[in-house]
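Student: Could you take me through one part of this protein up close? I'd like to hear about the aromatic side chains and where they sit in the fold.

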Amino acid sequence: AGPTADLVTAFAKPIPSIVICELLGVPYEDRDSFQEHIDTFLGGEAGDEELFAAYTATQDYLAELVAAKRANPTDDLLSDLLDSDLTDEELKGMALILLSAGFDTTANMLALGTFALLHNPAQLAALRADPALTDRAVEELLRYLSVAKQFMRVALEDVELDGHTIEAGTTVILSYATANRDPERFTDPHALDLRRQDGGHLAFGHGIHQCLGQQLARVELRVALPALVNRFPTLRLAVPAEEVALRPETADIYGVKSLPVTWDA
């Protein structure tokens, strides 16, 4: 696609889109429009009318997809679940959750992870020089970036936490980014250190409520990021870092709108 190219549209979005579509059994020729609708209702920039239209189009498509799998099962997750007691509506809802949870988060981790590496050339050089660093690098990027911003819970009973009482019925806003930059937990928490030893981030949540798709996300990051930086050893930002546009505050997921990059052809 270049040089120059937008890493978001040329790399970060297509990878999780292809993976999720492969899991669900979305025909290849439908993937572009499918991705476009998802991007519209998850991106945080669409107006109400546009957002509703994209959401409705996705719902309608998934209903047609479930019906098509019932008529002609193929080798995919939806077809595998046809023998369960799930209704068509439940299958459609499960597919929508898989899409919304597995597409936007991973796409933004790929874009932001590359941005962070390009902005920290010593760390990028370390990853290129030592392939064995890949797994630890992915965990550090997940901690450092925390693309899922926050979640809310309601206390069902009084809870004592660090000298404070959270009363039953109180709504608590949980900030993943704050937890993952906690100086009492991580040494020099605002630094990107791919060799960091103090692991245990909360990018995927904690306990029984951890993200069910976290291992799939890890696999995508472990494959895609090293492949990109090794395939393009001269990859660099095409604009100053401060000119890279972030997604709006209204978006549920932290990310960049575009990431212009270039390299020596």
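**A close look at the aromatic pair**

Tutor: Sure, and let's set the scene before zooming in. The protein chain folds into eleven helices and seven strands, and keep in mind that this is a predicted model. Its 265 residues would give a compact globule a radius of gyration near 18 Å, and the chain comes in at 20 Å, which agrees. Along the principal axes, the C-alpha atoms fill a box of roughly 60 × 55 × 35 Å. As for the inside, 41% of the residues count as buried.

Now for your aromatics: searching the whole structure turns up one aromatic pair. The partners are F232 and W263, with ring centres 4.9 Å apart and planes at 55 degrees, so the pair counts as tilted, since edge-to-face needs over 60. This pair ties together distant parts of the chain, its two residues being 31 apart. F232 belongs to the loop between α11 (214-231) and β6 (236-237), while W263 lies in the segment after β7 (260-262).

How covered are the two rings' residues? F232 is partly exposed because its relative accessibility is 22%, and the cut-off for buried is under 20%. W263, at 14%, is buried.

Long-range links show up across the chain too: among contacts between residues at least 6 apart in sequence, 66% join residues at least 24 apart. On the outside, the chain exposes about 14,600 Å², with carbon and sulfur atoms supplying 55% of that. Charge-wise, you've got 20 positive and 42 negative side chains, and the centres of those two sets are 8 Å apart.

How values were computed
Residues numbered from 1 in each chain as written. Predicted model: local features only at pLDDT ≥ 70, side-chain atom pairs only at ≥ 80, totals over all residues. Heavy atoms only, no water. Helix = DSSP H or I, 4+ residues; strand = E, 2+ residues; numbered from the N terminus. Rg over C-alpha atoms; globule rule 2.2 N^0.38 Å. Buried < 20%, exposed > 50% of the residue type's maximum accessible area, 1.4 Å probe, protein only. Contact = heavy atoms within 4.5 Å. Areas by Shrake-Rupley, 256 points an atom, 1.4 Å probe, with all protein chains shown as cover. Lys, Arg positive; Asp, Glu negative; His and termini not counted. Charge placed at Lys NZ, Arg CZ, Asp CG, Glu CD. Phe/Tyr/Trp six-rings, centres within 6.5 Å; stacked < 30°, edge-to-face > 60°.
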